[in-house]
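Thanks for coming. I have one structure to go through this morning, and I will keep it short.

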Amino acid sequence: MFPALEINLSAIEENAREVVRFCDSYGMQVVGVTKGVCGDPKIAKAMLNSGIHIFGDSRIQNIEKMRENNINARFMLIRSPMVSEIEKVVELADYSINSELSVLKKLSEASLEHRKSHKVIIMVDVGDRREGIMPSDFVPFLREARKLRGIEIVGIGTNVGCFGGVLPSPKNHDILRKLKEKAKSILGTNNLIISSGGTVVLNLLEERQSSYGISQLRIGEGILLGTDSTGNRVIPWLRQDTFTLEAEIIEVKWKPSLPEGSMGKDAFGNTPIFEDKGTRKRAILAIGKQDIEVRGLFPLYNGIEVLGGSSDHTIIDITESEVPLTVGDTVKFKLSYSAMLRGMTSPYVHKVYIYKN
Ligand SMILES: *Cc1c(COP(=O)(O)O)cnc(C)c1O
């Protein structure tokens with residue numbers, strides 16, 4: 001059945017093992033981030049087999065799914081909890097990342113009520129401008145937070161590369177080290193975790209061969225795809241043959257490359273721009289933006305170009321395809337992170353698990 005997303009569990013397992021080995025050598029613990037695959041239990045199992053014992057996901061539903069499927073590990077909610085989901089967070093997640101005192105108060109109340117101790121990582125914004133308190137607010141924040149019972153502040157964390165595209169640097173990690181010193185006197189402990197992520201941090205560590213004081217690294221993309229979107233690189237020591245998308249052709253026709261008629265916007269409100277290449281052989285695939293990020297599809301056969309798509313169709317130019325293609329044939333693609341994410345999320349994309357060494 002198509003479209004199908006083929007998931008090579010052997011390759012993911014091997015990537016996870018390599019990332020664990022790498023992090024071990026720097027004295028860092030790995031949090032395997034499963035949000036890109038909707039907390040898929042088979043994929044989590046592959047990571048578990050490789051020695052990952054703590055999983056991070058942004059959705060509490062995904063954590064619940066992994067628990068229900070007997071993934072015997074600890075779980076970290078890596079998106080700040082919604083107030084409306086606090087009860088579930090305390091029930092299902094061992095850790096969460098936090099940057100709001102009002103949320104910590106709710107977590108504290110819920111933990112006491114459920115007689116649980118919920119572990120908290122305080123997030124600091126070192127430049128990416130997504131979540132986190134500003135470094136200058138850290139001390140007053142911590143003074144308030146430490147008064148709350150039922151929650152245990154176990155670490156300081158940061159995230160880079162996700163929103164602002166900010167690259168990790170010695171400078172932004174030095175901020176965390178300094179804050180750890182300040183936290184030491186406020187909390188009276190020297191065992192605070194310094195948690196960083198995501199995948200783009202690997203690059204910094206490889207280059208300078210230093211951990212910058214980081215003791216925990218949250219990694220998703222590197223394990224799942226062997227790539228680093230923010231650093232714009234293929235990670236040479238990881239495998240990229242993890243996910244393959246296969247979609248079926250429903251129309252093949254020679255058509256002019258330029259549309260004809262007066263132009264409006266496309267179905268998504270964008271103004272499409274086309275290059276005139278004369279008459280071309282084009283194919284339509286039965287997959288679209290509802291299922292995939294069309295710009296994140298990279299054909300595995302030479303001579304195919306992805307032109308674009310609408311909700312349910314993807315248009316490709318096959319004039320120079322190295323393999324002859326006709327209606328009913330399928331085309332295979334490698335995926336970007338966002339294409340993988342949407343493919344995993346779409347119920348219309350069949351998931352096929354394989355083991356290929
Ligand atoms: C997504 C995310 C990660 C993992 O990022 P990758 O680039 O996929 O490795 C780590 N931490 C947080 C808080 C995240 O949201």
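I will start with the whole chain and then go to a few individual places in it.

First, a caution: this is a predicted model.

The protein has 10 helices and 18 strands. Its radius of gyration is 23 Å, and the globule rule gives 21 Å for 357 residues, so the protein is as compact as a globular protein of that length. If you draw a box around the C-alpha atoms along the principal axes, the box is roughly 70 × 45 × 45 Å.

How much of the protein is buried? Buried residues are 50% of the 357. As for contacts, take those with a sequence separation of 6 or more: 65% of them join residues 24 or more positions apart.

On the outside, the accessible surface is about 16,800 Å². Carbon and sulfur atoms account for 48% of that surface. For charge, there are 46 positive side chains and 44 negative ones. The centres of the positive and negative sets are 6 Å apart.

Now the individual places, beginning with helix α2, which covers residues 41–49. At its start, a side-chain oxygen of Asp40 comes to within 3.0 Å of the backbone nitrogen of Lys42. The buried residues of α2 are Pro41, Ile43, Ala44, Ala46, Met47 and Leu48. A reminder that helps in reading that list: an α-helix has 3.6 residues a turn, so residues three or four places apart point the same way. After α2 comes Gly51, with a positive phi near 100°.

Next, two residues in other helices. Is Gln61 buried or exposed? Gln61 sits in helix α3, residues 60–68. Our cut-off for exposed is over 50% relative accessible area. Gln61 has 51%, so it counts as exposed. Along the sequence, Gln61 and Lys88 are 27 residues apart, while their C-alpha atoms are 9.1 Å apart in space.

The other residue is His173, in helix α7, residues 170–187. His173 has a relative accessible area of 1% and is buried. Which residues does His173 touch, leaving out those up to four places away in sequence? They are Thr158, Pro168, Ser196, Val201, Leu204, Tyr212 and Ile214. With Ser196 there is also a polar contact, side chain to side chain, at 2.8 Å.

To recap the two residues: Gln61 in the model is exposed at 51%, and His173 is buried at 1%. That is the end of my part.

Key
Residues are numbered from 1 along each chain as its sequence is written. This is a predicted model: local features need pLDDT of at least 70, side-chain atom pairs count only at pLDDT 80 or more; totals for chains, interfaces and linings use all residues. Side-chain values use heavy atoms; hydrogens and water are left out. Helices (H or I, at least four residues) and strands (E, at least two) are DSSP runs, numbered from the N terminus. The radius of gyration is taken over C-alpha atoms; the globule rule is 2.2 Å times the number of residues to the power 0.38. Buried means under 20% relative accessible area, exposed over 50%, partly exposed in between (1.4 Å probe, protein chains only). Contact means heavy atoms within 4.5 Å. Accessible areas come from the Shrake-Rupley method with a 1.4 Å probe; for residues, only the protein chains shown count as cover. Lys and Arg count as positive and Asp and Glu as negative; His and the chain ends are not counted. The place of a charge is taken as NZ of Lys, CZ of Arg, CG of Asp or CD of Glu. A polar contact is a pair of N or O atoms within 3.5 Å; within protein, one must be able to donate a hydrogen and the other to accept it, and residues adjacent in sequence count only if both atoms are side-chain atoms.
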